[in-house]
Structures are given as C-alpha cells and as structure tokens.
Amino acid sequence: VPSPVAHGSIRKLDCDKARQVEGVHAFLTASDVPGINDIAPVAHDEPLLTDKDVFAVGQAVALVIAEDLRSARQAAALIELDIEEKKPITTLAEAVAQKSFQGQPHHIVRGDPEGVLANAELLLEGEVDSGGQDHFYLESQCALVVPEEHKGYQIYSSTQHPSEVQAKVAEGLGIARHLGVVECPRMGGGFGGKETQAAHVAAWAALGAHITRRPVKLWFNRD
C-alpha cells in the first residue's frame, strides 16, 4: 500500500474492508515489524513501513499478504488511507533555503578563494542543473522468502548485494544474520539498482513469511 502523496502525515489507516476479502492472510503495518523498522543501509532514515510521516510518492505504508495477486490488489484498493498532505521540497534551491540536507554539509576550503576571486581579472558566473537519473532494470525487483526450521529463512533475491539483503532482513525481523540464507538464482539487468533497493522487497516478503509462517513472494510490476 503506497503513499499517494509526496509529503504528509498519516491521519487514518483503516483495513477493516480489506480484511474481508477472501484470500487475505495478513495486513501488516509498522507495528508488526518485530525488529528495527528501518531499511536504509547507510543513513538509517527510511522506515521499512512508515508509521506516521511520508516523504515520497510510493513510500510503503502497509503490506497485504494474500493467496494470490488479484486478492492482494483487491484488498489493497479497499484500504482507507487518509493523509494530511504537506508541501514537499522538490528542488535543490528549496532544500538549501530550508536547510533540509541529507547528512551534514561538507565544506572543502583551502586558502582564500573569496579574496582571489574578488581580485581576478576575469570572472565567469553561472548555474548548472543536472537532474539525477537511474537505469531502468530489465527485470523488476523480486524476492521469495521461505520459512525454515529453527526460525530460519531461505531468501531468494534478485540482488547485487546478497550480504546487505541478509543484514536488512535480519534487522527487520530482529534475528541473527546467520538465520537468513540469501541466494541469487539469477539477475536480469540490475545496473546497480538492485544493490540497496533489493533489500526492501526481500524484507517485506520476509516480514510476511514471519507473520504467516508460509512462503511469500513479492515482486514489483512494471508501473
């Protein structure tokens, strides 16, 4: 269940109608995460399932575990999600003006650049904007998680970073890393996009497998 807005606070999340759909096994929110509710590998600033504020269109708010894809989508469409929308920051200039930074800014200075520039015979000024881009994977993100004995999990993931998938699944479930065995059967055109982002899909599937004690497969569609 993704956020439909770029920035806001969740006021209501009602799943009563969704629970009545035949084939639905579980409806999961942040309160169901038994371990650390975080999926960001470096900055630790992105929840596995958000519990209050959303910061991007498509950010995961809840998870529907169902017998088949049709039941899952039908139930997800019935979830009543009310978000108090707030103005998002969409440009670098807005972010700088509001001092909204990812991490602490780095200032690299040597000598007296301002003084040198002020006394330069020729001074060129201008601005360059370069939009970020990401490759489009040939194969969408996908993971299958199978519960095993001794509270362990077999994780099949299309990932470029199996050890990171293992680490983030373990953190989310609150288990030791050795209880999750990650195997990459194949990978269709990752281009780096399946390094950190593969952990999201595997961790969501693992959470579903943990709650239902059944194998759970999760994959993104082309949209």
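User: Before anything else, what does "buried" mean here?
Analyst: Buried means under 20% relative accessible area, and exposed means over 50%, with partly exposed in between. Keep in mind that this is a predicted model.

User: OK. Is C15 buried or exposed, and why?
Analyst: C15 is buried, because its relative accessible area is 9% and the cut-off for buried is under 20%.

User: And C184, which class does that one fall in?
Analyst: C184 counts as partly exposed, because its relative accessibility is 32%, a value that lies between the 20% and 50% limits.

User: How many disulfides does the structure hold?
Analyst: Zero. Take C184: the nearest cysteine sulfur belongs to C142 and is 11 Å away. A disulfide needs the two sulfur atoms within 2.5 Å, so that pair does not qualify.

User: Changing topic. What is the protein built from, in helices and strands?
Analyst: There are six helices and nine strands. The C-alpha atoms fill a box of roughly 75 × 40 × 30 Å along the principal axes.

User: What share of the residues is buried?
Analyst: Of the 223 residues, 35% are buried.

User: Which residues have the most contacts inside the largest nonpolar core?
Analyst: V145, I155, V165, V169 and W204 do, in a core of 30 residues. Several elements supply at least two residues each, among them β2 (24–28), β4 (63–66) and α5 (162–173). The most comes from α6, which gives ten residues.

User: Pick I155. What does I155 touch?
Analyst: Leaving out residues up to four places away in sequence, I155 touches L144, V145, V165, V169, G180, V181, V182, E183 and A202. V145, V165 and V169 are also among the residues with the most contacts inside the core.

User: Where does C15 go, then?
Analyst: C15 is in a second, separate core of nine residues, which also includes A62, V64 and I79.

User: Now pockets. How much space lies in the second largest one?
Analyst: About 160 Å³.

User: Which residues line that second largest pocket?
Analyst: The lining consists of E139, C142, A143, L144, Y156, S157, S158, P185, R186 and K217. By type, the lining residues are five nonpolar, two polar and three charged.

User: Which strand gives the most to that lining?
Analyst: β6 does, with three residues. β6 covers 142–147, and β7, at 153–157, also supplies at least two. Both strands supply at least two residues of the largest nonpolar core as well.

User: Last one. Of the contacts between residues at least 6 apart in sequence, how many join residues at least 24 apart?
Analyst: 74% of them.

Methods
Residues numbered from 1 in each chain as written. Predicted model: local features only at pLDDT ≥ 70, side-chain atom pairs only at ≥ 80, totals over all residues. Heavy atoms only, no water. 1 Å grid on protein atoms, 1.4 Å probe; cavity = no way out; pocket = protein on both sides within 12 Å on 5 of 7 lines; lining within 4 Å. Points joined across faces, edges and corners; volume = space filled by probe spheres on them. Helix = DSSP H or I, 4+ residues; strand = E, 2+ residues; numbered from the N terminus. Nonpolar A, V, L, I, M, F, W, Y, C, P; charged D, E, K, R; others polar. Buried < 20%, exposed > 50% of the residue type's maximum accessible area, 1.4 Å probe, protein only. Core = buried A, V, L, I, M, F, W, Y, C linked by side-chain atoms within 4.5 Å. Contact = heavy atoms within 4.5 Å.
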